[in-house]
Amino acid sequence: VADYKYTRLSRNAGPVRRLPDALIIGVKKCGTRALLEFLRLHPDVRAAVSEIHFFDKYYHKGFEWYRERMPLTLEGQITMEKTPSYWVTKSAPKRVYAMNPSMKLLAVVRDPVTRAISDYTQSASKRPSLAPFEQLALSNRSGCSAVDPTWAPVRLGVYARPLRRWLRRFRRDRLLLVNGERLVADPAAEMAKVQDFLGLKRVITEKHFYFNSAKGFPCLLKSESSSSPHCLGKTKGRNHPRIDPTALKRLREFYRPLNEIFYRLSGINFGWP
Ligand code: A3P
């Protein structure tokens with residue numbers, strides 16, 4: 001009888017691919033890779049390595065296609081995926097809800113001005129001939145320069161709009177807004193909140209991080225796959241160009257009232273300058 005029970009248990013406990021229980025839905029250039037890499041340290045988390053883009057690009061392929069792209073998990077382990085473009089995909093909240101109304105959602109947010117510069121720096125690294133940031137962020141309308149709200153790096157920092165869309169489908173307590181600045185300044189404290197939100201034991205702690213002064217960011221003392229120190233790749237934590245202070249001032253003025261709306265809607269004052 002004991003043998004039979006053992007076989008049954010081990011068969012049931014074998015690893016299988018499951019649809020995700022939690023998603024990192026955004027926001028692009030706010031620290032989504034760092035959040036995922038940190039979470040992967042947890043023994044009860046298994047995450048797809050690459051961005052799957054199911055709810056934006058490949059929805060027509062169906063749930064089975066999506067499931068096949070998920071990592072193998074044991075009973076009790078959480079399956080996760082991160083695709084930052086879900087945050088701004090209009091149909092994503094409805095689609096995610098249709099798949100799993102109890103999905104746990106995580107979105108990292110940071111000062112939208114820094115986010116815009118980070119976004120621009122990424123584009124400029126691929127296209128060295130790209131015009132200067134100031135020229136793209138500010139458009140010259142009737143003789144005076146004003147922030148161009150249609151330029152994608154600027155537009156993506158207007159967080160209230162997508163948040164409203166997600167909150168139309170999901171209860172506020174289903175979405176955790178991770179503080180991108182805190183994720184750099186105190187990763188262990190931010191990860192404690194993340195683990196609590198996901199219903200995980202607090203396994204990821206101060207012991208996992210060290211500050212790498214050459215990189216200027218927290219790195220991992222050991223990663224999921226190796227026992228040696230590990231920082232995020234070269235494309236994370238790039239040097240940003242110096243931006244003209246007048247342009248920065250304009251951007252700050254542009255975002256100030258929009259940030260206020262976001263703080264009110266989210267119930268969190270992020271205190272961005
Ligand atoms: P920069 O490269 O512009 O500094 P995403 O992963 O969503 O694309 O976000 C990238 C940003 O994550 C980086 O933007 C960096 O500021 C931030 N980040 C947060 N924690 C980090 C870490 N531990 N190492 C490197 N970058 C980190």
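# Buried, oblique, in contact: the reasons

Reader: How do you know whether Lys29 counts as buried or exposed?

Author: Count C-beta neighbours. Lys29 has 24 of them inside 10 Å. Buried takes 20 or more other C-beta atoms within 10 Å of a residue's own, exposed takes 12 or fewer, and partly exposed lies in between, with C-beta atoms placed from the backbone. Therefore Lys29 counts as buried. This is a predicted model, in which local features need pLDDT of at least 70, side-chain atom pairs count only at pLDDT 80 or more, and totals for chains, interfaces and linings use all residues. Residue numbers start from 1 along each chain as its sequence is written.

Reader: Where is Lys29, and what is its phi?

Author: Lys29 sits in the loop between E2 and H2. Helices (H or I, at least four residues) and strands (E, at least two) are DSSP runs, numbered from the N terminus. Phi of Lys29 is positive, about 65°, although Lys29 is not a glycine. Val27 lies in the loop between E2 and H2 too. A cis peptide bond joins Gly26 and Val27.

Reader: What makes that bond cis?

Author: Its omega is about 0°.

Reader: Why is H2 called largely enclosed by the rest of the structure?

Author: Seven of its eight residues are buried, so H2 is largely enclosed. The buried ones are Thr32, Ala34, Leu35, Leu36, Glu37, Phe38 and Leu39.

Reader: What does H2 give to the shell around the ligand?

Author: Three residues, the most of any element. H2 (32–39), H5, H9 (180–185) and strand E11 (217–220) each supply at least two. In total, 18 residues surround the ligand. Near means that a residue's C-beta atom, placed from the backbone, lies within 6 Å of the molecule or strand. The closest residues are Thr32, Arg33, Ala34, Ser118 and Gly237.

Reader: How many residues of that shell are nonpolar, polar and charged?

Author: Eight are nonpolar, five polar and five charged. Nonpolar covers Ala, Val, Leu, Ile, Met, Phe, Trp, Tyr, Cys and Pro; charged covers Asp, Glu, Lys and Arg; the others, Gly among them, are polar.

Reader: Which residues touch the most other members of the largest nonpolar core?

Author: Leu35, Leu106 and Ala107, out of 39 residues. A nonpolar core is a set of buried Ala, Val, Leu, Ile, Met, Phe, Trp, Tyr and Cys residues joined through C-beta atoms within 7 Å. Among the elements giving two or more residues to this core are strand E2 (22–26), H2, strand E6 (104–109) and helix H10 (187–197). Beyond its neighbours within four places in sequence, Leu35 is in contact with Ile24, Leu106, Val108, Val178 and Leu183. Contact means C-beta atoms, placed from the backbone, within 7 Å of each other. A second, separate core has 11 residues, including Val113, Ala116, Phe133 and Tyr255.

Reader: Which residues of H5 and H11 meet?

Author: Pro112, Val113 and Ala116 in H5 meet Leu248, Leu251, Arg252 and Tyr255 in H11. Six residues of this contact are nonpolar, none polar and one charged.

Reader: What makes H5 roughly parallel, roughly perpendicular or oblique to H11?

Author: The axes of H5 (residues 112–126) and H11 (residues 245–266) come within 9 Å and cross at roughly 125°. That makes H5 oblique to H11. Under 35 degrees is roughly parallel, over 145 roughly antiparallel, 65 to 115 roughly perpendicular, and the rest oblique. Axes are lines fitted to C-alpha atoms, for helices over the stretch in contact, and angles run from 0 to 180 degrees between N-to-C directions.

Reader: How do you know whether Leu258 in H11 is buried, exposed or partly exposed?

Author: Leu258 has 16 other C-beta atoms within 10 Å, so it is partly exposed. Leaving aside neighbours within four places, Leu258 is in contact with Val158 and Ala160. Leu258 and Arg161 are 97 residues apart in sequence but 9.5 Å apart in space, C-alpha to C-alpha.

Reader: What makes Asp173 buried or exposed?

Author: Asp173 has 8 C-beta neighbours inside 10 Å, so it counts as exposed. Asp173 lies in the loop between H8 and E9. Its C-alpha atom is 8.8 Å from that of Phe197, 24 residues apart along the chain.

Reader: Why is Arg202 classed as it is, buried, exposed or partly exposed?

Author: Arg202 has 13 C-beta neighbours inside 10 Å, so it counts as partly exposed. Arg202 is in the loop between H10 and strand E10 (209–212). Not counting residues up to four places away, Arg202 touches Ala192 and Gln195.

Notes. Contact = placed C-beta atoms within 7 Å.
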